[in-house]
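Trainee: I have a structure open and would like to learn how to read its features one at a time. Could you give me the general idea in each case before we turn to the particular one?

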Amino acid sequence: MKQQYKINPILQFLVKIWMIIYAKKYRVTADITPEVSNMKEPYLLLANHVGRFDPFIMNHFLSKAPHFISSDAILRDRVIGTIFKLLGALPIKKGTRDSQIIREMAKVIQSGNALALFPEGARTWTGQTKYFDPSIVKLIRLLKVPVITSVMKGVYFSDPRWGNGLRKSAMHIEFKLAFRPEDVKALTDEQIYETIKRNLQHDDVAYQRDRLIRLDSEKRAEFIEFICFQCPSCQSFDGFDSKGNDFTCRNCSSTNHVDEFGFLTNQEGNALEIDNTRDWVNWQNKNFARYIQREIKQNNTDKLFSSQKMHLEFAVGYEKMQSLGEGMFHFYSDRIEVVGAEKTEVLPISEISALTAQFKERIELFYQDKAYRFTSVAAKESGMKWEVAIN
């Protein structure tokens with residue numbers, strides 16, 4: 001069979017050299033047996049997803065480089081997308097059911113290659129492993145290859161999804177050979193799922209609280225407003241502005257601090273009642289969801305919130321994004337209105353198949369056969385607010 005999604009050997013070599021430097025600088029270590037590190041046969045690698053460089057970090061410890069499943073949002077990026085494609089990445093529409101990708105994965109395995117994917121579907125915003133669909137068991141049974149699990153620890157504080165740059169800290173990875181094909185035959189679907197879930201389950205906030213690894217950075221709070229948008233002091237959903245190690249409420253001007261270990265304090269250095277982003281996000285998202293639900297029950301026909309000064313783009317299928325210029329978009333109880341320079345598009349919520357918060361692509365949604373991307377031009381908008389509202 002013709003090999004699918006070829007890995008460019010020159011780029012792969014350059015990535016290996018870069019990773020040697022990266023692993024030393026950011027203190028990356030791993031627990032991995034020779035059985036896993038030297039595996040030459042086709043295999044399926046399942047991993048939790050925390051940092052932007054997770055695929056490269058895992059490849060650093062494996063002899064046979066796997067083909068990663070990557071969102072089409074990343075593969076559309078001119079630079080990063082090109083790199084991922086040259087490293088054999090397979091595209092998937094994030095947050096949607098994509099049956100074609102299953103057939104493509106089978107082709108890769110049948111060609112004698114290995115596969116890697118993140119069952120959660122996206123990087124964690126809070127450092128906790130997220131829920132993943134039990135249908136992963138069907139894929140394991142379909143492929144009939146060894147299954148390796150990999151769990152990343154310490155990455156959330158070194159490279160949080162909401163952050164801009166890396167913080168010097170320490171990262172650790174644990175690899176396990178979860179199943180051989182013959183093991184899978186003897187287990188129930190529930191036993192397979194529970195084993196994968198147990199192997200991938202991790203809470204980086206608890207891990208950091210136990211170890212207190214210092215973060216070598218003076219920009220520990222910058223871009224925290226991408227996930228923290230409700231203020232505990234005034235209860236508003238207006239968001240924050242961050243600079244250095246501090247972030248300030250746009251409504252009441254109360255200021256909070258991110259300490260040298262990544263935990264939250266007031267300006268005087270005293271721990272806050274909610275002293276970490278995991279608990280903050282869980283608290284605010286429940287509150288915001290209740291607010292949206294209340295407005296819907298009250299049949300509020302006004303817009304519930306908006307994002308101003310957004311760069312609007314769209315694409316059909318897997319094609320490149322096309323610019324619609326600068327505009328804004330509004331959230332109503334039954335629709336999203338995209339207001340561009342030339343026209344306004346109305347997207348009924350019932351017909352939106354997925355909406356996810358990204359990093360550089362603040363918000364990306366799929367409507368019918370189109371993908372829309374909204375990127376903040378001036379103010380730093382919280383894509384998470386939109387994701388909570390649409391869900």
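Mentor: Let us begin with the names: helices (H or I, at least four residues) and strands (E, at least two) are DSSP runs, numbered from the N terminus. Please also keep in mind throughout that this is a predicted model.

Trainee: With those names in hand, where is Asn276 found?

Mentor: Asn276 sits in the loop that joins β11 (264–266) to α12.

Trainee: Is Asn276 buried or exposed?

Mentor: The cut-off needed here is that buried means under 20% relative accessible area; Asn276, at 1% relative accessibility, therefore counts as buried. Its contacts, once neighbours within four places in sequence are set aside, are Val205, Arg209, Phe263 and Leu264. With Phe263 in particular, the C-alpha to C-alpha distance is 5.2 Å, although 13 residues separate the two in sequence.

Trainee: How should I read a pair of packed helices?

Mentor: Two packed helices are described by two quantities, the angle between their axes and the distance between the axes. Here, helix α12 (residues 277–297) packs against helix α13 (residues 383–390) at an angle of about 50 degrees, and their axes are 9 Å apart. That angle makes α12 oblique to α13, and the crossing of these two helices is right-handed.

Trainee: Which residues of α12 and α13 make the contact?

Mentor: From α12 come Val281, Gln284, Asn285, Phe288, Ala289 and Ile292, while α13 contributes Met384, Lys385, Val388 and Ala389. Sorted by class, the residues of this contact of α12 with α13 are 7 nonpolar, 2 polar and 1 charged.

Trainee: At what angle do α7 and helix α10 pack?

Mentor: α7 and helix α10 (residues 189–200) pack at about 105 degrees, with 9 Å between their axes, so α7 and α10 are roughly perpendicular to each other. In this contact, Ile136, Val137, Ile140 and Arg141 of α7 meet Asp189, Ile192, Tyr193 and Ile196 of α10, which gives 6 nonpolar, no polar and 2 charged residues.

Trainee: And at what angle does helix α6 pack with helix α7?

Mentor: Helix α6 (residues 99–110) and helix α7 (residues 136–143) pack at about 35 degrees, their axes being 11 Å apart, and their crossing is right-handed. Ile102, Met105, Ala106 and Ile109 of α6 meet Leu139, Leu142 and Leu143 of α7, and the contact of α6 with α7 holds 7 nonpolar residues, with no polar and no charged ones.

Trainee: What is the general idea behind a nonpolar core?

Mentor: In soluble globular proteins, nonpolar side chains tend to be buried together. In this model, the largest nonpolar core has 85 residues, and those with the most contacts inside it are Val28, Ile57, Phe288, Phe331, Ile336, Leu365 and Phe374. Phe288 is thus a name we have already met, at the contact of α12 with α13. Val28 touches Tyr22, Ala23, Ile57, Phe61, Met171 and Ile173, when residues up to four places away in sequence are not counted. Apart from this core lies another, of 25 residues, among them Leu44, Leu117, Val137 and Val147.

Trainee: How do I read a place where parts of the chain that are distant in sequence meet?

Mentor: Compare the separation along the chain with the distance in space. Val151, in strand β6 (residues 147–153), is 104 residues from Ala47 along the chain, yet their C-alpha atoms are separated by 5.7 Å. Val151 is buried, at a relative accessible area of 4%, and beyond its neighbours within four places in sequence it is in contact with Asn48, His172, Ile173, Glu174, Asn199, Leu200 and His202. A further case is Ala221, in the loop between α11 and β8, which is buried at 0% and lies 6.4 Å from Phe247, C-alpha to C-alpha, across 26 residues of sequence.

Trainee: Finally, how should I read the sign of a backbone phi?

Mentor: Most residues other than glycine have a negative phi. Leu212, with phi near 50 degrees, has a positive value; it is placed in the loop between α11 (204–211) and β8 (240–243) and is partly exposed, with a relative accessible area of 42%. Gln368 also has a positive phi, near 55 degrees; it occupies the loop between β17 (363–367) and β18 (370–376) and is exposed, at 54%.

Terms used
Residues numbered from 1 in each chain as written. Predicted model: local features only at pLDDT ≥ 70, side-chain atom pairs only at ≥ 80, totals over all residues. Heavy atoms only, no water. Axes fitted to C-alpha atoms, helices over the stretch in contact; angles between N-to-C directions. Parallel < 35°, antiparallel > 145°, perpendicular 65-115°, else oblique. Left-handed = near helix turned anticlockwise from the far one by under 90°. Contact = heavy atoms within 4.5 Å. Nonpolar A, V, L, I, M, F, W, Y, C, P; charged D, E, K, R; others polar. Core = buried A, V, L, I, M, F, W, Y, C linked by side-chain atoms within 4.5 Å. Buried < 20%, exposed > 50% of the residue type's maximum accessible area, 1.4 Å probe, protein only.
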